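Please open the structure in your viewer and keep the selection tool at hand. The tour below proposes one selection after another and states what is found at each stop.

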Amino acid sequence: MNAESVLKGFRKEFGSKIKDITIQKVPNSLKKKLFAERIWFSVGRKHLHSAVEYLCRTYPDPHFAVCSGYDTGKEIELLYHFTVNYGVRAGEITITMRVMLPKNDLQTDTITDLIPGAIISEREMQEMLGIKVKDIPDSRRLFLDDTFPRGVFPWRKDETGPDKIARNVHAARKGGMK
Amino acid sequence: MKPEDNTYSICVGPVHPALKEPVKLNMQIDGEKVTGVDFELSQVHRGIEWAATRRNPIQVLFLAERICGICNMSHMISFSRAVESIGGIEVPPRAHYIRVIGAELERIHSHILWAGVAAHELGFDSLMHYTWKLRENVLDTVEYITGNRITKGLITIGGVRHDIPKKKFPRIIDTAHFYSSHFDKMADMFLKDRVIMSRTRDVGVLSKRDALTTCAVGPTARASGVKKDVRKDEAYAAYQDLDVEPVLPDAYTGEIHGDVYDRVLVRLLEVKQSAEIIERAVRQMPEGPIAWEEKPAALLAKLKPLAGDGIGRHEAPRGEVIHYVRMTGEEHPYAWKVRAPTYNNMMAWVPLLMNEQIADIPVIAASIDPCMSCTNRAVKAGTNDVIYSKEHLHRLSVQKTRELRRKMK
Amino acid sequence: MKAKALNRSLWVFHVNTGSCNGCDIEIVAAMTPRYDLERFGIKLVGSPRHADVLLVTGPVTRDMKKKLKLIYDQTPDPKVVMSVGNCGNSTGVFYESYNIEGPIDRIVPVDIYVAGCPPRPEAIIDGVVKAWKKLEEMKKK
């Protein structure tokens with residue numbers, strides 16, 4: 001199994017629904033020249049759940065590493081990082097699915113029905129980026145305590161970002177953050 | 001009677017004396033049995049990922065080091081690997097070997113530290129003091145190589161910051177021998193003691209299925225029979241020359257239970273394995289440069305134009321660390337996401353603690369080697385009827401050990 | 001009451017307010033055989049109500065601010081507060097954040113500062129000795 005064959009399966013199943021495909025090879029200077037492969041592609045949020053479902057069906061027990069996300073300005077981009085084919089020397093392939101969510105409709109589907117371990121990441125996405133995960137089994141806060149102001153999302157770069165409550169300890173001594 | 005009629009909540013943390021970190025666990029208890037587990041993680045959230053978007057990559061490197069005091073190098077390696085994969089930066093072979101030596105020294109210190117904590121949770125304080133005494137040897141060697149006991153500052157993007165000259169090799173090999181030769185004694189004390197055995201065997205069982213669905217990593221997953229070790233799966237750095245194999249408990253006992261005993265066993269075996277890796281890495285280390293660019297200012301100038309996404313992975317003592325970095329050709333990274341092993345392993349607490357006794361909570365909770373500052377964040381309690389402090393729980397745990405010991409005499 | 005508090009060895013309570021663990025493991029290292037603070041009868045206790053010295057580490061996160069104050073109030077007088085590590089002294093590398101309320105001396109009065117990232121066990125022992133002296137002085141007053 002290599003990155004090409006994994007991608008081939010995805011192309012066959014999803015056709016033009018997956019876009020911006022890149023395969024990244026981590027450089028290596030040692031004699032054996034073994035390298036890890038990383039696949040990146042975008043998928044529409046409507047198809048995210050079926051893409052994860054396909055992944056679980058084709059490669060039993062994919063490892064869900066984490067979901068990262070960031071603010072691109074008009075949209076929020078979520079990146080679901082999976083790894084498959086572990087247990088084989090230098091055979092593990094990291095698959096990252098990007099999902100774009102427009103800021104006026106920040107909703108996505110839960111994947112906890114397929115991978116229960118994803119719940120921590122989904123709760124984190126909700127509190128850090130202010131998105132809504134549909135049908136999430138547990139939507140309480142996790143990393144932020146209850147006294148943290150509502151409506152402030154630490155990873156956002158717009159007016160809902162943390163800049164207004166952030167504090168520079170050294171600047172505060174001289175009289176306010178600049 | 002309905003189950004909720006006679007259940008009550010107990011609260012562990014957030015400030016408790018055994019684990020040295022704020023943690024809050026909320027458990028529903030029916031008699032002596034745990035029937036529900038919940039946790040909340042906000043005590044150690046420092047906003048590191050946000051702070052990183054206001055600093056340059058070399059500053060972020062040292063911020064990454066301070067995510068966790070125990071596995072600090074793992075975060076430096078992961079962040080460096082993420083940036084290296086964005087820029088296609090080739091790390092010189094010698095630097096790969098120095099990274100591996102540093103990472104394995106860190107694994108020895110972390111696992112032995114954990115073994116001490118586990119002994120303390122069981123009430124064997126003399127064993128805890130003995131293991132921590134053993135641990136000082138590796139800290140001395142780390143100080144000998146890097147100049148500091150805990151935060152090593154050894155890694156830079158594209159290589160390492162200090163070389164290990166040849167005259168320092170004998171001392172490193174001595175340390176490796178020290179831990180290989182003490183393995184039997186450690187195994188005797190931890191694995192053959194009848195009281196420890198009865199406190200840990202078939203206690204806190206994590207089945208292979210549960211380990212897979214909760215996405216557990218590191219020794220927690222390996223003790224349940226999941227062959228997952230980034231050192232083999234990605235064969236990065238010098239690990240590809242050293243042919244590292246994941247350690248499973250059946251290598252020693254011939255069977256896999258997935259219980260606390262197996263998690264102790266896997267960690268002890270990994271100490272031995274790390275000692276062997278260090279010795280081989282020192283002997284095989286090639287000559288050559290130690291960094292892609294040694295001068296920090298020049299390195300920074302070369303890093304500035306980088307743009308793209310990168311993932312850096314590393315097998316930390318507790319399991320896989322993964323960093324996602326996005327650079328956009330500016331001075332600061334645009335986004336940075338840190339995923340520490342405890343983040344995944346915490347989910348395993350739910351199947352682990354279910355239906356176990358109150359007195360077993362401390363040792364089971366500790367058995368995944370939780371690291372809250374890594375996870376950025378900790379576990380919460382409702383306050384219905386009774387609140388036990390962590391100290392009270394620890395006392396219960398110690399009592400159970402003493403009773404067992406009396407019975408065995 | 002004040003005078004009686006020092007008729008025995010120093011008891012220490014450790015609070016982590018969001019530190020990275022580096023200082024915390026060095027505190028434990030100071031207690032274990034190589035450095036062995038316990039030979040002076042100094043030991044870590046499980047409750048602030050038994051403590052003479054509060055060892056505080058970490059830059060104080062939003063969530064821990066109230067808890068730190070509570071622990072400080074629970075500790076009986078006379079007491080000495082020790083800030084261990086650069087994070088606690090000046091918030092260190094976490095100087096800029098949305099979730100940090102520190103350094104420690106903005107939340108509770110600090111008597112002894114131990115510098116280092118993390119401080120060596122020797123430095124922590126030195127700090128505890130200074131705390132001891134300070135308690136002696138308090139006792140005289």
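The stops that follow begin with the contacts between chains and then turn to individual residues. Please bear in mind throughout that this is a predicted model.

**Stop 1: chains A and B**

Display chain A and chain B together and colour them separately. Here 57 residues of chain A are in contact with 63 residues of chain B. The two chains bury about 4,800 Å² between them, and 55% of that area is on carbon and sulfur atoms. Next, select A:Leu30, A:Arg89 and A:Phe143. These residues supply 15% of the area that chain A buries against chain B, more than any other three residues.

How many salt bridges are counted between chain A and chain B? The count is eight. To view a salt bridge between these chains, select A:Arg98 and B:Asp309, whose side chains meet with an N to O distance of 2.5 Å. Polar contacts can be traced here as well: 24 residue pairs, with both residues at pLDDT 80 or more, are found across the interface of chain A and chain B.

Now show the secondary structure of chain A. Two or more residues of the side that touches chain B come from each of strands S2 (37-43), S3 (63-71), S4 (75-84) and S5 (93-102) and from helix H3 (119-129) of chain A. Select S3(A) in particular, since its eight residues are the largest share of that side. If you colour this side of chain A by residue class, you should find 28 nonpolar, 14 polar and 15 charged residues.

**Stop 2: A:Gln24, beside chain B**

Select A:Gln24, which is found in strand S1 (residues 18-25) of chain A. Is this residue buried or exposed? A:Gln24 is buried, because its relative accessible area is 15%, and a residue counts as buried under 20%.

Display the side chain of A:Gln24 and look for two partners. Within chain A, this side chain makes a polar contact with the side chain of A:Trp40 at 3.0 Å. Towards chain B, the side chain of A:Gln24 reaches the backbone oxygen of B:Ser85 at 3.2 Å. Leaving aside neighbours within four places in sequence, the residues in contact with A:Gln24 include A:Ala36, A:Glu37 and A:Arg38 in chain A, and B:Ile86 and B:Asp309 in chain B. B:Asp309 has already appeared on this tour, in the salt bridge with A:Arg98.

**Stop 3: chains A and C**

Hide chain B and bring chain C into view beside chain A. In this pair, 15 residues of chain A are in contact with 14 residues of chain C. Chain A and chain C bury about 1,300 Å² between them, with 48% of it on carbon and sulfur atoms. Across this interface zero salt bridges are found, and three residue pairs, both residues at pLDDT 80 or more, are in polar contact.

Select strand S8 (167-168) and helix H4 (169-175) of chain A, each of which supplies at least two residues of the side that touches chain C. H4(A) gives the most to that side, with four residues. By class, this side of chain A has nine nonpolar, three polar and three charged residues.

**Stop 4: helix H1 and C:Pro119 in chain C**

Select helix H1 (residues 22-31) of chain C. Of its 10 residues, 10 are buried, so the helix is largely enclosed by the rest of the structure. Among these buried residues are C:Gly22, C:Cys23, C:Glu26 and C:Met31.

Move next to C:Pro119, in the loop between strand S6 (112-114) and helix H4 (121-140) of chain C. C:Pro119 counts as buried, at 1% relative accessibility. Not counting residues up to four places away in sequence, C:Pro119 touches C:Cys23 and C:Glu26, and also C:Val84, C:Gly85, C:Val114 and C:Ile124. For a distance exercise, select C:Pro103, 16 residues away from C:Pro119 along the chain: the C-alpha atoms of the two are separated by 17 Å.

**Stop 5: the cysteines**

Finally, show all chains again and select the cysteines. A search of the whole structure finds zero disulfides. B:Cys215 is in no disulfide, and the nearest cysteine sulfur, that of A:Cys56, is 9.2 Å away. B:Cys215 is buried, with a relative accessible area of 2%.

Why does C:Cys117 form no bond with C:Cys87? The sulfur of C:Cys87 is the closest cysteine sulfur to that of C:Cys117, but the distance of 5.9 Å is too far for a bond. C:Cys117 counts as partly exposed, at 25% relative accessibility.

How values were computed
Residues numbered from 1 in each chain as written. Chains lettered and ligands numbered in written order. Predicted model: local features only at pLDDT ≥ 70, side-chain atom pairs only at ≥ 80, totals over all residues. Heavy atoms only, no water. Disulfide = S-S within 2.5 Å. Buried < 20%, exposed > 50% of the residue type's maximum accessible area, 1.4 Å probe, protein only. Contact = heavy atoms within 4.5 Å. Buried area = accessible area lost by both parts, 1.4 Å probe. Salt bridge = Lys/Arg side-chain N within 4 Å of Asp/Glu carboxyl O. Polar contact = N/O pair within 3.5 Å; in protein donor to acceptor, adjacent residues only side chain to side chain. Nonpolar A, V, L, I, M, F, W, Y, C, P; charged D, E, K, R; others polar.
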